[in-house]
Amino acid sequence: TSWCLAPASNAYRANPSLAPEILVFTEPLSCVVNALGKVRIAAGDRALVFGAGPMGQLFVLALRAAGVREIGIVEPSPVRRAMAQKSGATEAFDAGPDEPRWDLVVDAVGRCLPNAVRAARTGGQVLLLGMLEDARVELPQYDITRRELTITGSFIAGNSFPRTVRLLEQGGLDPTGLITHRIRVSELPA
């Protein structure tokens with residue numbers, strides 16, 4: 001058994017029946033929950049996620065749990081695209097789609113803002129979570145203004161840990177399908 005020491009103020013109670021491999025998703029998922037709390041989403045919306053890495057995969061699960069009816073994923077890796085489809089993505093693209101029809105477009109990569117702007121429908125929203133400090137993009141400000149797009153950035157979990165723990169406890173979102181390996185804490189350095 002391995003232990004980790006943390007201040008009580010950094011710990012949150014969770015149902016002991018939740019497996020540790022589910023609870024480990026709390027921190028990254030709380031960033032997604034916090035980000036989605038900053039935009040308007042409704043059942044029946046269409047969302048497109050750029051990037052099917054761990055955060056993009058969690059966005060797919062969270063959007064599905066929120067009742068979003070159509071979820072597209074843009075990812076060059078066939079393996080990650082397939083995983084996102086198993087998680088609930090209804091469409092998968094290896095490059096950005098041509099039609100600006102998405103209510104919400106998420107950049108979970110950190111350098112897809114111009115493509116996200118092109119994909120958002122008039123009056124749509126673009127949500128930025130992915131971060132690459134050296135990413136520099138040119139923005140079509142005219143399109144943003146003319147199409148009345150809203151661009152929102154989100155950085156970390158905020159105060160969403162308790163809400164995320166409840167979501168996992170209630171089974172509203174099951175990240176089990178994202179688990180690819182199980183290792184002991186002692187194996188982490190390797």
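1. Let's start at the meeting of H2 and H7. On the H2 side the contact uses Thr-26, Glu-27, Leu-29, Ser-30 and Val-33, and these meet Phe-161, Arg-163, Thr-164, Val-165, Leu-167 and Leu-168 of H7. Sorted by class, the contact of H2 with H7 has six nonpolar, three polar and two charged residues. Keep in mind throughout that this is a predicted model.

2. Now the geometry of that pair. The axes of H2 and H7 are 9 Å apart, and the packing angle is about 110°. Angles of 65 to 115 degrees count as roughly perpendicular, so H2 is roughly perpendicular to H7.

3. H2 has another partner to look at. Helix H2, residues 26-36, also packs with helix H3, residues 54-65, at an angle of about 55° and with the axes 9 Å apart. That angle makes H2 oblique to H3. The crossing of H2 past H3 is right-handed.

4. Who makes the H2 and H3 contact? From H2 come Pro-28, Leu-29, Cys-31, Val-32, Ala-35 and Leu-36, while H3 brings Met-55, Leu-58, Phe-59, Ala-62 and Leu-63. By class this contact has 11 nonpolar residues, with no polar and no charged ones. Leu-29 of H2 is worth marking in your viewer: Leu-29 is in the contact with H3 and also in the one with H7.

5. On to the pockets. The largest pocket has a volume of about 1400 Å³. Its lining has 35 residues, and the closest to the pocket centre are Pro-20, Glu-21, Leu-23, Val-24 and Phe-25. The elements giving two or more residues to this lining are helix H1 (20-23), H2, H3, helix H4 (78-87) and helix H7 (161-169). As for chemistry, the lining of the largest pocket divides into 23 nonpolar, seven polar and five charged residues.

6. The second largest pocket comes in at about 180 Å³. Its lining is Val-33, Leu-36, Ala-62, Ala-65, Ala-66, Arg-163, Thr-164, Leu-167 and Leu-173. Here H2, H3 and H7 are the elements that give two or more residues, and H7 gives the most, with three. By class, this lining has seven nonpolar, one polar and one charged residues.

7. One last thing to check on screen is the overlap between the helix contacts and the second largest pocket. Leu-36 and Ala-62 line that pocket and also take part in the contact of H2 with H3. Likewise, Val-33, Arg-163, Thr-164 and Leu-167 are in the pocket lining and in the contact of H2 with H7.

Key. Residues are numbered from 1 along each chain as its sequence is written. This is a predicted model: local features need pLDDT of at least 70, side-chain atom pairs count only at pLDDT 80 or more; totals for chains, interfaces and linings use all residues. Side-chain values use heavy atoms; hydrogens and water are left out. Axes are lines fitted to C-alpha atoms, for helices over the stretch in contact, and angles run from 0 to 180 degrees between N-to-C directions. Helices (H or I, at least four residues) and strands (E, at least two) are DSSP runs, numbered from the N terminus. Angles under 35 degrees count as roughly parallel, over 145 as roughly antiparallel, 65 to 115 as roughly perpendicular and the rest as oblique. A crossing is left-handed if the near helix is turned anticlockwise from the far one by less than a right angle, and right-handed if clockwise. Contact means heavy atoms within 4.5 Å. Ala, Val, Leu, Ile, Met, Phe, Trp, Tyr, Cys and Pro count as nonpolar, Asp, Glu, Lys and Arg as charged, and the others, Gly among them, as polar. On a 1 Å grid over the protein atoms alone, a cavity is a set of points where a 1.4 Å probe fits but cannot get out, and a pocket is an open set with protein on both sides within 12 Å along at least five of seven lines; lining residues have an atom within 4 Å of a point. Grid points are joined across faces, edges and corners, and a volume is the space filled by probe spheres set on the points.
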